[in-house]
Amino acid sequence: MPEQAAAAQHGSPAHEVADFLRRRREQIAQRWAEEPLFRTVFTVSRDEAVEGGRAVVDALAEVAASERVSDPDAHGFLLVREQLARMGAARGRTGLTASEVSRDVDALRPPAVELLTAELADAPAEHLRECAGVLTVLTGTLRLVVMQTALSEGQALIDRQRLQLLEVATPVIKLWDGIVAVPLIGTLDSARSQVVMETLLEAVVDQQARYAILDITGVPTVDSLVAQHLMKTVAAARLMGAECVVSGIRPAIAQTIVHLGLDLGTVVTRATLADALAHALHQLGADIVSRAPHGVGDR
């Protein structure tokens, strides 16, 4: 009974933790500045690490005050998500695994719990346990937020790099004045087919090309969706004022196109890239003449 009466003098455990975080903001931030999670990101000065710690403590205090300590979408966490993402990504770039980054975040809990225990030394044991439990849950949610944010940032980076690789793997080559070509190698999927269309159309505009050659000699096979993308690319190039020539259609791809019932009657096709270039040059009024063998005509 005496413990219950004494506990009644205190607020709810979550509000108690929020008040504690605000009161001990500076001490917690100073201790956290020594932890790897902060030292890896804030490398210019220790003051930066301390300031970063203060921001996180403020966020935790707001979350505790809202009594949403187990909710990673609590408003307080939104305020520091960018910083937390930077911290998680920095630790990831050092070669740490996700579990090791999680361990770094968990290392922030003991200093805070130690300060809380010292401050509530005279409080009822049950109240102290409840407050320590709230703080533990709060730091656990912080760890979840860091991991979620780091994973999201990592996926965004992977997506950006994948797009860059697609662009690099889809070069547009100027073969002649008014003639550009896209030699495709490897598997075509919908995403890459879209990049091919965008890259080719940009080249048609930039180079003022009248002929665009799509060479698929290095493409092992296509599915119905990719074949439709190629047809759309041909149609789009035509709308931009360029005639599209498709070269290098393999027998397997030809059978697929016929099986799918796609009409290529309006599309100019040639067996090889050389044949496609010769066709485009001829249409532009330039013919390729084979050089006479050495010695012929010499006197």
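Guide: Buried means under 20% relative accessible area, exposed means over 50%, and partly exposed is in between (1.4 Å probe, protein chains only). This is a predicted model in which local features need pLDDT of at least 70 and side-chain atom pairs count only at pLDDT 80 or more, while totals for chains, interfaces and linings use all residues. Residues are numbered from 1 along each chain as its sequence is written, and side-chain values use heavy atoms, with hydrogens and water left out.

Visitor: OK, why does Glu-34 count as partly exposed?

Guide: Glu-34 has 43% relative accessibility, which sits between the two cut-offs, so it gets the in-between label.

Visitor: And what makes the contact between Glu-34 and Arg-46 a salt bridge?

Guide: The rule wants a side-chain nitrogen of Lys or Arg within 4 Å of a carboxyl oxygen of Asp or Glu. For Glu-34 and Arg-46 the N to O value is 2.5 Å, so the pair passes. Glu-34 lies in the loop between H3 and H4 and Arg-46 in helix H5, so the bridge ties together parts twelve residues apart in sequence. Arg-46, at 38% relative accessibility, is partly exposed.

Visitor: How many salt bridges does that rule give?

Guide: The count comes to 15. Take Arg-23 and Glu-119, with their closest N and O atoms 2.1 Å apart. That pair links distant parts of the chain, with Arg-23 in helix H2, Glu-119 in helix H9 and 96 residues separating them. Arg-23 is partly exposed at 46%, and so is Glu-119 at 23%. Arg-23, Arg-24 and Glu-119 also form a network of salt bridges.

Visitor: How do you know that the side chains of Arg-109 and Asp-106 meet in a salt bridge?

Guide: Their N to O value is 3.6 Å, so it falls inside the limit. Arg-109 is partly exposed at 26%, as is Asp-106 at 27%.

Visitor: What makes the Ser-12 and His-15 pair a polar contact?

Guide: A polar contact is a pair of N or O atoms within 3.5 Å; within protein, one must be able to donate a hydrogen and the other to accept it, and residues adjacent in sequence count only if both atoms are side-chain atoms. The side chains of Ser-12 and His-15 are joined at 2.8 Å, so the distance test is met. Ser-12 lies in the loop between helix H1 (2-8) and H2 and is partly exposed at 28%. Its C-alpha is 8.5 Å from that of Cys-131, which is 119 residues away along the chain.

Visitor: Is Thr-139 buried or exposed?

Guide: Thr-139 is buried, because its relative accessible area is 5%. It belongs to helix H10 (residues 125-168), and its side chain reaches the backbone oxygen of Thr-136 at 3.0 Å.

Visitor: What makes a stretch a helix or a strand here?

Guide: Both are DSSP runs numbered from the N terminus: helices are H or I with at least four residues, strands are E with at least two.

Visitor: Which residues of helix H3 are buried, and why do they line one face?

Guide: In H3 (residues 25-32), Ile-28, Ala-29 and Trp-32 are buried. Down the axis of H3 they fall within an arc of 100° (taken from the directions from the helix axis to the C-beta atoms), so they line one face. Their cover includes helix H2 (13-23), helix H4 (36-39), helix H5 (46-65) and helix H9 (109-119), where contact means heavy atoms within 4.5 Å.

Visitor: Why are strands S3 and S4 called paired?

Guide: Pairing needs at least two DSSP bridges between two strands. Five bridges join S3 (residues 211-218) to S4 (residues 243-247), so they qualify. The two run parallel, and Leu-214 has Val-246 in S4 as its bridge partner. Helix H11 (residues 190-207) packs on the sheet, touching S1, strand S2 (179-185), S3 and S4, and makes about 165° with S2. Such angles run from 0 to 180 degrees between N-to-C directions, with axes fitted to C-alpha atoms, for helices over the stretch in contact. Helix H14 (residues 273-283) lies across S1, S2, S3, S4 and S5, at about 170° to S3.

Visitor: In what order do the five strands of the sheet come?

Guide: The order is S1-S2-S3-S4-S5 in an open sheet with mixed pairing. Strand S1 (173-176) and strand S5 (268-270) are the edges, because each pairs on one side only.
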